[in-house]
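Colleague: I have a structure on my screen and a few basic questions about it. Could you put it up on yours?

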Amino acid sequence: MATAMAATAAERAVLEEEFRWLLHDEVHAVLRQLQDILKEASLRFALPSSGTGTEGPAKQENFILGSCSTDQVKGVLTLQGDALSQADVNLKIPRNNQLLHFAFREDKQWKLQQIQDARNHVSQAMYLLANRDESYQFRTGAEVLKLMDAVMLQLTRARNRLTTPATLTLPEIAASGLTRMFAPALPSDLLVNVYINLNKLCLTVYQLHALQPNSTKNFRPAGGAVLHSPGAMFEWGSQRLEVSHVHKVECVIPWLNDALVFFTVSLQLCQQLKDKISVFSSYWSYRPF
């Protein structure tokens with residue numbers, strides 16, 4: 001009996017020493033790794049490095065739009081940080097062999113809210129980690145878990161902003177300021193939407209036709225969607241309109257792919273540290289170090 005108790009006490013002593021090492025050394029090693037990875041992610045988003053407080057102008061990058069299913073839309077988009085600074089698009093209308101060309105007005109830029117939001121979440125995650133530098137002493141496992149949960153929340157939100165485009169109704173797309181970015185102005189029977197999906201910048205062009213007042217079609221306004229299909233209907237002003245053709249083209253943004261990889265690796269590191277802490281959960285309630 002005494003031998004068993006002594007063995008148990010020895011085991012507890014070993015576990016407590018391991019937990020002490022985990023809180024004092026391993027946690028900060030993981031936090032340094034996370035800071036290094038998120039610094040790389042921040043560079044992809046052209047965020048200012050920690051401590052500099054300054055941010056230079058983002059470089060301009062040109063991307064050629066393409067699709068394996070259609071050659072009716074071609075163009076080049078110019079991305080500058082979290083904004084489209086230029087767009088040059090050609091649309092071929094099959095029914096009359098007409099070629100339409102439209103480009104951004106020179107005085108306009110279009111902010112990509114998804115990129116802006118993602119970079120803000122990265123910045124917040126970096127701030128949380130910076131507040132727990134090497135001099136900070138974690139006293140309980142619960143304290144570490146709370147920090148990891150907060151960092152993971154910001155990283156998950158950053159990733160979700162890039163992987164989950166907004167669902168918009170057709171009237172919302174029609175009312176978007178994007179439609180007023182072009183010169184010459186877009187024809188009234190065209191709608192344009194731009195969004196990020198994973199590591200791709202997507203451009204969708206909707207061709208519309210008006211439904212006649214005496215149309216026998218059952219008018220059912222379409223709800224919100226990332227990508228609407230031909231046949232989707234909506235009301236705009238005094239007109240009822242239907243989507244006749246949809247053209248989607250896209251281009252890969254390499255640094256967005258990098259950012260998504262950094263988010264995944266960081267989330268895995270956070271979860272691994274949480275799992276290690278949880279092994280020692282029986283000590284939290286009575287043995288802070």
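Modeller: What follows is a walk through the strands, a pocket and some single residues.

Modeller: This is a predicted model, where local features need pLDDT of at least 70, side-chain atom pairs count only at pLDDT 80 or more, and totals for chains, interfaces and linings use all residues. Residues are numbered from 1 along each chain as its sequence is written, and side-chain values use heavy atoms, with hydrogens and water left out.

Colleague: Fine. How many helices and strands does the protein have?

Modeller: The protein has five helices and 10 strands. Helices (H or I, at least four residues) and strands (E, at least two) are DSSP runs, numbered from the N terminus.

Colleague: And what share of the residues is buried?

Modeller: Of the 289 residues, 41% are buried. Buried means under 20% relative accessible area, exposed means over 50%, and partly exposed is in between, with a 1.4 Å probe and protein chains only.

Colleague: What about contacts between residues 24 or more positions apart?

Modeller: Such pairs account for 67% of the contacts with a separation of 6 or more. A contact means heavy atoms within 4.5 Å.

Colleague: Let's move to the strands. What does β1 pair with?

Modeller: Strand β1 (residues 60–65) pairs with strand β2 (residues 73–80) in the antiparallel sense, over six bridges. Two strands pair if DSSP finds at least two bridges between them. One example is N62, whose bridge partner in β2 is T78.

Colleague: Which residues of β1 are on the covered face?

Modeller: E61, F63 and L65 are on the covered face, while Q60, N62 and I64 are on the uncovered one.

Colleague: Where does the chain go after β2?

Modeller: β2 forms a hairpin with β3, with two residues between them. G81 in that turn has a positive phi of about 70°. The two strands are antiparallel and share eight bridges, and G75 stands opposite V89 in β3.

Colleague: What else does V89 bridge to in β4?

Modeller: V89 has F102 as its bridge partner in β4. Strands β3 (residues 83–93) and β4 (residues 98–104) run antiparallel and are joined by six bridges. Another facing pair is L91 and L100. β3 and β4 also form a hairpin, with four residues between them, and N97 in the turn has a positive phi of about 55°.

Colleague: Which strand pairs with β4 over two bridges?

Modeller: That is strand β6 (residues 182–183), again antiparallel. F104 has F182 as its bridge partner there. β3 also pairs with β5 over two bridges in the antiparallel sense, and A83 is matched with K111 in β5.

Colleague: What is odd about the bond between A183 and P184?

Modeller: A183 and P184 are joined by a cis peptide bond, with omega at about -5°. P184 lies in the loop between β6 and β7.

Colleague: And L198, what is its phi?

Modeller: L198 has a positive phi of about 60°, although L198 is not a glycine. L198 is in the loop between β7 and β8 (200–210). L198 counts as partly exposed because its relative accessibility is 42%.

Colleague: New topic. What is the volume of the second largest pocket?

Modeller: The second largest pocket has a volume of about 290 Å³. Its lining has 16 residues, and Q114, L168, N193, V194 and Y195 lie nearest its centre. The elements that give two or more residues to the lining are β5 (110–111), α2 (113–130) and β7 (190–197). β7 gives the most, with four residues.

Colleague: How is a pocket defined?

Modeller: On a 1 Å grid over the protein atoms alone, a pocket is an open set of points where a 1.4 Å probe fits, with protein on both sides within 12 Å along at least five of seven lines; lining residues have an atom within 4 Å of a point. Grid points are joined across faces, edges and corners, and the volume is the space filled by probe spheres set on the points.

Colleague: Last one. Why does K274 count as buried?

Modeller: K274 counts as buried because its relative accessibility is 17%. K274 is in helix α5 (residues 254–279). Leaving aside neighbours within four places in sequence, K274 is in contact with L145, M148, D149 and M152.
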